[in-house]
Amino acid sequence: MTVLPYLVAGWILLAGLYGLVTSRNLVQAVGCLAVAQSSTYVLLLAVGYRRDATAPVFSDLPTDAPVVDPVVQALALTDIVVGATVTALLLSLVIQLRKRHGTVDPEELTGLRG
Amino acid sequence: MTDTLIVIALLLTATAATAAALTRDPVRQAVVLALLGLSLAVLFTVLQAPDVALSQLGVGSAITPLLILLTVRKVNRRETQPQEGDDDRPDRAE
Amino acid sequence: MSRTTRLRLFLTAAAVLAAAVLAAALIVAAEQLPGFGGARHPYGERAVAAGLARQSANIVSAVNFDQRGFDTLGEESILFGSVLGAGMLLRLARDEHKRRPAAEPVLPTTRLFGATLLPLTLLTGGYLVAHGQLSPGGGFQGGVVLTTALHLAYVAADYRVLKRIRPLAVLDVTDAIAAGSYAALGLIGLAQGAGYLANTLPLGTFNALSSSGLVAVINAAVGVEVGSAVVVLLAHFLDQAVEVTPRRRNR
């Protein structure tokens, strides 16, 4: 139990990378990259978890209550937003690639063409 | 009790992630990615991170799959395109 | 045993060995990490103390918009830059033209679902942005929910209705102004001699809507920026998927 979350994070990263390197479709590759990125959220939140503690929101909590680590949650939040923007930018590159080269299969993109 | 929930959520997330990485068809992958986003949101909720869960719910299970579906629609359309449709008239006014 | 079979056998063995080494390294690394669920969180405790001292109830927002304010400025710039980049990549090329989107039939139940959910989702998004410094939520989450609300119009009706309720030119400018105002808000601290993005505004009372000084203001700016940026981003993709078609080629 004490290492399971970390191993799950590692597994998700490897699964995403496997999908990425065996991909035959760039749109699917971008999806696999999103999977690989989601491992970082799991890792961050696993590091910050504390047993028998609540979320770091003190609206209706005494100020000395034990809470989970808010720093990693803030990092994960940033991570998610940046991940979404990277996905969007890569997908627009894929659309552009399809327009100029007529394919989204990385195997068929052998050389640079003007 | 909480530990059991966390283990279930972790295994659910790992399964969904593996399925998403192994799905070859981008349209199906978008659906599996939405499921992955949902299971990640559940995991973050049991890990006491409601802020992150909310943003994962919005981004991971709505925006990212939608972007992928739109890209697939754009990328796959050209094969079926050159038909003489009357809705194909140019519209420069916009 | 032929040469290629031997080579394949060797490569398989090497791959299995590499996977075993990787798995062992992963497990050893996981063992060295702080134990899952442990009670020792030195950064977390300091962040909580600092956040409570600045009267913010939601410490995650306090970390994002006050203690790590400069990082978040960088992140907002990434969002802004990627929207710009996607806009550049997905602009109308010379050999393309826009097709007028046609009216599409919608099931009455779908229309009812969308029409009911749209105002509710808008309200939820607004609430999430406004209460970011008090309850779970904030600029990012609220902004994304607001965007989702707007696109329910596409589900409930069709693309033409969405285009009518989505003032794209206004949102483009709003996005830029909100991103710029985040950078400008940092100057308040500088003007008061404290430092860029320092929280020098009046802190207010704990757990009130106007508490936590700069956090609430930046939170609102981020909400506006994320909301308009994601709408603009989706608009570029929707344009490509629904409207833009290549000119009939006669090359």
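This short talk goes through how chain A touches chains B and C, and then turns to a stretch of chain B.

Before anything else, please keep in mind that what we are looking at is a predicted model.

Let me start with chains A and B, where 38 residues of chain A are in contact with 34 residues of chain B. If you look for the helices of chain A behind this, you will find that α1 (4-21), α2 (26-48) and α3 (70-101) each supply at least two residues of the side that touches chain B. Of these, α3(A) gives the largest share, with 11 residues. What kinds of residues make up the side of chain A that touches chain B? They divide into 28 nonpolar, nine polar and one charged.

Now let us turn to chain C, where the contact takes 37 residues from chain A and 42 residues from chain C. Here too we can name helices, since α1, α2 and α3 of chain A each supply at least two residues of the side that touches chain C. Which helix provides the largest share of that side? It is α3(A), with 16 residues. By class, the side of chain A that touches chain C has 23 nonpolar residues, together with 10 polar and four charged ones.

Finally, a word on chain B itself, where an unreviewed UniProt entry places the feature "domain: MrpA C-terminal/MbhD" at residues 12-77. In the model, that span of chain B is 91% helix and 0% strand, and the C-alpha atoms at its two ends lie 35 Å apart.

Key:
Residues are numbered from 1 along each chain as its sequence is written. Chains are lettered from A and ligands numbered from 1 in the order in which they are written. This is a predicted model: local features need pLDDT of at least 70, side-chain atom pairs count only at pLDDT 80 or more; totals for chains, interfaces and linings use all residues. Two residues are in contact if their C-beta atoms, placed from the backbone, lie within 7 Å. Helices (H or I, at least four residues) and strands (E, at least two) are DSSP runs, numbered from the N terminus. Ala, Val, Leu, Ile, Met, Phe, Trp, Tyr, Cys and Pro count as nonpolar, Asp, Glu, Lys and Arg as charged, and the others, Gly among them, as polar. UniProt positions are given in the numbering used here, feature names are shortened, and annotations may be inferred rather than shown by experiment.
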